[in-house]
Amino acid sequence: MSKILNRYLVQFKGLAVGQHVFSFDVDKAFFDEFEGGEISNGRLSVEVILNRLSNMIELDFFIEGDVEVKCDRCLEVLTIPTEFEGKLVVRISDSIDESEVSDEIWYVSSNEHELSLAQYIYESICLSLPLQRYHGILGTSTDDCDSEMLERLQTLSLDENQEVREADTTDSRWDKLKDLMNNQN
């Protein structure tokens, strides 16, 4: 595991039963660890309330901040405010009950002593993003959209509509051939 992602490890083995609070900062270095991701940068704070029980750990996540993604319209960088609240249950057990397996439950062996929360934090941030991301959403300014790119898209859209209209008009010679085919049947 990388040095950056090691910051998101939680040592639970020596923790007393009860609640414990952990705070993490998420920045560009964090997102760089996840190659091919949609998020290029971000400034988020993560608070994790860990409730340690004898054979189980409950984790409540609170994530808040801003992330940078590409605008779906103009492909320029867009900063979007992001919030996430979620719960994760970790069972400490050497055997897994198949009937209880779900996405919200992790299983760790009794020999384990730490949890890596980096992947869960990353996926939670990604899932909190809106499906469509463009300038003007969630209080962002529409003025930041690249006007040159929008003009090009408008031109392409007009050209495409013209091609569709031209394709809809048929050559009368083909209509006569179609009539011949219909008469033979």
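Is L5 buried or exposed? That is a good place to start with this predicted model, and the notes below work outwards from there.

1. **L5 itself.** L5 counts as buried because its relative accessible area is 14%, and the cut-off for buried is under 20%. The residue sits in the segment before β1, the strand covering 9–11.

2. **What L5 touches.** Setting aside neighbours within four places in sequence, L5 is in contact with F30, E33, F34 and A118. A long-range pairing to check in your viewer is L5 with Q119: they are 114 residues apart in sequence, yet their C-alpha atoms are 8.9 Å apart in space.

3. **F30 from the other side.** The contact list of F30, again without neighbours within four places in sequence, reads I4, L5, Y8, A118, I121 and Y122. So L5 and F30 each have A118 as a contact, given that contact means heavy atoms within 4.5 Å.

4. **The core.** F30 turns up again in the largest nonpolar core, a set of 38 residues. Together with L59, F61 and I121, F30 has the most contacts inside that core. The elements giving two or more residues to it are β2 (18–26), α1 (28–32), β3 (41–52), β4 (56–70), β5 and α2. As background, nonpolar side chains in soluble globular proteins tend to be buried together.

5. **β3 with β4.** These two strands run antiparallel and pair over twelve bridges. The hairpin that joins β3 to β4 passes through three residues. If you want a register marker, V46 stands opposite I63 in β4.

6. **β4 with β5.** Here too the pairing is antiparallel, this time over 15 bridges. Six residues lie between the strands of this hairpin, and L75 in the turn has a positive phi of about 70°. For the register, look at E64, which stands opposite E83 in β5.

7. **The pocket.** How big is the largest pocket? Its volume comes to about 230 Å³. The lining consists of F84, G86, K87, L88, D103, E104, W106, Q119, Y120, E123, S124 and L127. Two elements, β5 (77–92) and α2 (118–128), give two or more residues to that lining. With five residues, α2 gives the most. Sorted by class, the lining has five nonpolar, three polar and four charged residues.

8. **Tying it together.** Q119, the distant sequence partner in the L5 distance above, is also one of the pocket-lining residues. β5 and α2 appear in both settings: they give residues to the largest nonpolar core and to the lining of the largest pocket.

Notes: Residues are numbered from 1 along each chain as its sequence is written. This is a predicted model: local features need pLDDT of at least 70, side-chain atom pairs count only at pLDDT 80 or more; totals for chains, interfaces and linings use all residues. Side-chain values use heavy atoms; hydrogens and water are left out. Helices (H or I, at least four residues) and strands (E, at least two) are DSSP runs, numbered from the N terminus. Buried means under 20% relative accessible area, exposed over 50%, partly exposed in between (1.4 Å probe, protein chains only). On a 1 Å grid over the protein atoms alone, a cavity is a set of points where a 1.4 Å probe fits but cannot get out, and a pocket is an open set with protein on both sides within 12 Å along at least five of seven lines; lining residues have an atom within 4 Å of a point. Grid points are joined across faces, edges and corners, and a volume is the space filled by probe spheres set on the points. Ala, Val, Leu, Ile, Met, Phe, Trp, Tyr, Cys and Pro count as nonpolar, Asp, Glu, Lys and Arg as charged, and the others, Gly among them, as polar. A nonpolar core is a set of buried Ala, Val, Leu, Ile, Met, Phe, Trp, Tyr and Cys residues joined through side-chain atoms within 4.5 Å. Two strands pair if DSSP finds at least two bridges between them.
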